[in-house]
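Me: I am in my first year and would like a careful, close look at a single part of this protein. Could you take the aromatic residues as the starting point and then work outwards from there?

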Amino acid sequence: MIKTDIFISGGGVAGLTAAAAFGAAGFSVLIADPMPPITDDTTDGADLRTTAFLQPARDFLIAAGLWERLAPFATPLQIMRIVDAGGKTPEPRVTRDFDAADIGELPFGWNLSNWLLRREMVARLDELPNVEFRTGVGFVSMLTRTNEARVTLTDGTRISAKLVVGADGRGSPVRQAAGINVKTKRFGQKAVTFAVTHNAPHENVSTEVHRTGGPFTLVPLPDHEGKPCSAVVWMEDGPEAARLAALPVDDFNKEATRRSAEVYGPLTLVSRRMVWPIISQIADKLSAERVALVAEAAHVVPPIGAQGLNMSLADMACLLDLATANPDGLGNADMLKKYHRTRHTDITLRAKGVDILNRASQAENPLLRDLRAKGVEALYGVAPLRKTLMKMGLGAKG
C-alpha cells in the first residue's frame, strides 16, 4: 500500500497543473494516466488545440512553478475582437474591440499549444521530489472511508490517499466510482480545430467571427515559417463539421477564408484538422467522501470566451486554498463541502452564460442575427457595462 496525501486521476493539462500546484505547496502527490503524455506536435494523437490562460491563471501558474517555463512560449491576448458577419454575405458588418488596457495593465491572457503545455508541465513534475507521475496505468476502483480513500490502479497498485482528485475528463472514472451523476446538454455541434497562416498580422488580437452554426475564432500564435499564425476553433453543426474536416486542403482553405469574413486575408492550413463534440455538462456534486472533481470531470462548456480551462484552474485554486488553510483537514468532509459550495454556483452561472452566447452564435434566422449584431453594439456602447463584462469574463464576480 502506497501512502500519499493526494492521488490525481488524469494526466491531461488539468491533472498535470494540479499535481504541480499541490506538489509546490508541499503535499505528496501521485498522479496516474493510462496514456503517456504526448509532448511534441508531430506524434500521432498529439493535442493540437491551444489553451488561453486568462489573467487570474497566471498567479496560480506562478505559484505552481509553471509560469517561468511557459512564459517564453506564450502569445499575449491584448484585444478580444467580436465580428458579426451575419448579413446576406459573409462580410463584417459590426466589429468591436474589447481592449484589456481598459481594465488594467496586463493582457486578457496568453495562448499556448496544448502539446507544449504537457511538455513543460511534465518537466516541472520531474523537479518535484514529492510528486510521482505514473503513465500507462489508470484508475480502476476506489473504497472511501472517513479518514482515507483506497484506490486500485490497472496494474494492481494500491494507494492510500487523504484526497482523490478526479481530473480524468468528461467520462471521469473517479466521478462514476463516487456515484456522482451529471446533467448533459447537446447542441448538435462539433468544433473543427486547426492552425493557419495568413498575410495580415494578428497583432495579439483574438477574433470571434459570428455568422451561423457557431463562432469562428482565431487566436494568436507565434509566427510559423515567417508568417503570422493563428489557432482556429470553427464550431458548426455536426454534419457540416464532418464535411469540412474531410475536404481537400485547397477547398478547405477557401471555405475557411470565406467563413472568417477574410479578416486576415487568405488562410492557409498548416496543421492537421481535429474534430471535437460540443456539449455542456455539469456534475450534480463536485465532491464526495474523500473525493473532489475538477476540470472536465466537473464541468464541460463550449469553447467560447476561454472559459473552460480557466474555470478548471479556479477549481484547483479553490481546492488548494482550502488545503493550505488547514493541511490537517486535507480531504475531510468540511473541506469538501466548502469546495462544492464555493465553486458550484459560479460554474453553473458561467455555464449558463456560455450556453446563451453559443445559442446566439448559432442563429440562422436573419432577424435573430440582426438582434445579435445590435446586442454586440449595445454592450460595447456602454463603457461601464463593457468594463464590467470584461472583468467578469476574467473571473471577477462583477
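Reply: What follows begins with the aromatic residues and then moves to their surroundings and to the rest of the chain. Please keep in mind that this is a predicted model.

A search of the whole structure finds five aromatic pairs. One of them joins Phe 216 and Trp 234, which meet edge-to-face, with 5.2 Å from centre to centre and 65° between the planes. Because Phe 216 belongs to strand E14 (residues 216-224) and Trp 234 to strand E15, this pair ties together parts that are 18 residues apart in sequence. Both Phe 216 and Trp 234 are buried. Trp 234 also forms an aromatic pair with Phe 252, and here the arrangement is tilted, with 5.8 Å between the centres and 45° between the planes. This second pair links distant parts of the chain, since Trp 234 is in strand E15 whereas Phe 252 is in helix H7 (residues 249-259), 18 residues apart. The relative accessible area is 2% for Trp 234 and 0% for Phe 252, and because buried means under 20%, each of the two falls within that class. Together with Phe 194, the residues Phe 216, Trp 234 and Phe 252 form one aromatic cluster.

Strand E15, which spans residues 227-237, also holds Glu 236. Glu 236 is buried yet has no salt bridge, and the nearest side chain of opposite charge, that of Arg 259, is 4.3 Å away. A salt bridge requires the nitrogen and the carboxyl oxygen to be within 4 Å, which is why this pair does not count as one. Leaving aside neighbours within four places in sequence, the contacts of Glu 236 include Gly 188, Lys 190, Thr 212, Leu 244 and Arg 259.

We can now turn to the nonpolar cores. The largest nonpolar core has 81 residues, and those with the most contacts inside it are Ile 6, Phe 7, Ile 8, Leu 163 and Leu 319. Apart from it lies another core, of 21 residues, and among them are Val 192, Phe 194, Trp 234 and Phe 252. In soluble globular proteins, nonpolar side chains tend to be buried together. Returning to Leu 163, and not counting residues up to four places away in sequence, one finds that it touches residues including Asp 5, Ile 6, Phe 7, Leu 319 and Met 335.

Asp 5 leads on to the charged side chains, for the structure holds 17 salt bridges. One of these is formed by the side chains of Asp 5 and Lys 162, at 3.7 Å from N to O. The pair links distant parts of the chain, with Asp 5 in strand E1 (residues 2-9) and Lys 162 in strand E11 (residues 158-166), 157 residues apart. Asp 5 counts as buried at 18% relative accessibility, whereas Lys 162 counts as partly exposed at 38%. Arg 170 likewise forms a salt bridge, with Glu 296, and there the closest N and O atoms are 3.4 Å apart. Since Arg 170 lies in the loop between E11 and helix H5 (173-177), and Glu 296 in the loop between strand E19 (291-293) and strand E20 (299-300), this pair ties together parts that are 126 residues apart in sequence. Arg 170 is partly exposed, with a relative accessible area of 29%, and Glu 296 is partly exposed as well, at 33%.

Key. Residues numbered from 1 in each chain as written. Predicted model: local features only at pLDDT ≥ 70, side-chain atom pairs only at ≥ 80, totals over all residues. Heavy atoms only, no water. Helix = DSSP H or I, 4+ residues; strand = E, 2+ residues; numbered from the N terminus. Buried < 20%, exposed > 50% of the residue type's maximum accessible area, 1.4 Å probe, protein only. Lys, Arg positive; Asp, Glu negative; His and termini not counted. Contact = heavy atoms within 4.5 Å. Core = buried A, V, L, I, M, F, W, Y, C linked by side-chain atoms within 4.5 Å. Phe/Tyr/Trp six-rings, centres within 6.5 Å; stacked < 30°, edge-to-face > 60°.
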